[in-house]
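Trainee: I should be grateful for a close look at one helix pair in this model, with the terms explained along the way.

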Amino acid sequence: AGLGMGIMLFILAIAVFTIICHWKIYDKAGQPGWACIIPIYNIIVLLKIVNKPWWWLLLMLIPFVNLVLLIMVIHRLSLSFGKGGWFTVGLIFFHVIFFAILAFDKSTYTKLEN
C-alpha cells in the first residue's frame with residue numbers, strides 16, 4: 001500500500017509540474033496562463049499561440065488526423081520559441097523535460113505566419 005501511495009504522489013507531482021510548465025509557456029506567449037487548465041479552451045488558446053484557426057479543434061476529433069495535427073501544432077510551438085525540429089521530437093517523446101525547458105529557458109515567443 002505504501003508503494004502505491006508513493007507512486008500516486010510521484011504522478012501527482014509530475015502532473016502539477018506539467019501544469020506549471022504549460023502555464024508558464026502560455027504566459028510567455030502572451031496568453032492567460034490559467035487557460036492551460038480549462039479543458040477544450042486550452043486547445044483553442046494553444047491554436048491561437050501557434051497561429052492556427054480554432055476549427056482545427058474539430059479536426060482533432062477525427063482519429064489519426066488528430067495525431068498529424070498534434071505533431072504539427074507541437075512543431076509550430078517549437079518554432080514559435082525559436083527551437084528546431086529536434087526540439088519538436090523532444091517535446092513529443094520527452095514531454096515533461098522539454099516542456100520544462102521551453103517554460104524556463106530564456107527563449108522568447110514570436111508569432112508565426114500561417
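**The packing of α4 and α5**

Mentor: Helices α4 and α5 are oblique to each other, because oblique covers angles outside these ranges: under 35 degrees (roughly parallel), over 145 (roughly antiparallel) and 65 to 115 (roughly perpendicular). This is a predicted model, in which local features need pLDDT of at least 70 and side-chain atom pairs count only at pLDDT 80 or more, while totals for chains, interfaces and linings use all residues. Residues are numbered from 1 along each chain as its sequence is written, and side-chain values use heavy atoms, with hydrogens and water left out.

Two packed helices are described by the angle between their axes and by the distance between the axes. Here α4 (residues 65–80) and α5 (residues 85–93) pack at about 125 degrees, and their axes lie 9 Å apart. The axes are lines fitted to C-alpha atoms over the stretch in contact, and angles run from 0 to 180 degrees between N-to-C directions. The crossing is right-handed, that is, the near helix is turned clockwise from the far one by less than a right angle.

On the α4 side, the contact (heavy atoms within 4.5 Å) is made by I71, I74, H75 and S78. From α5 come G85, F87, T88, L91 and I92. By class, five of these residues are nonpolar, four are polar and none is charged; Gly counts as polar in this scheme, and Asp, Glu, Lys and Arg as charged.

As for the setting, the chain comprises six helices and zero strands, where helices are DSSP runs (H or I) of at least four residues and strands (E) of at least two.
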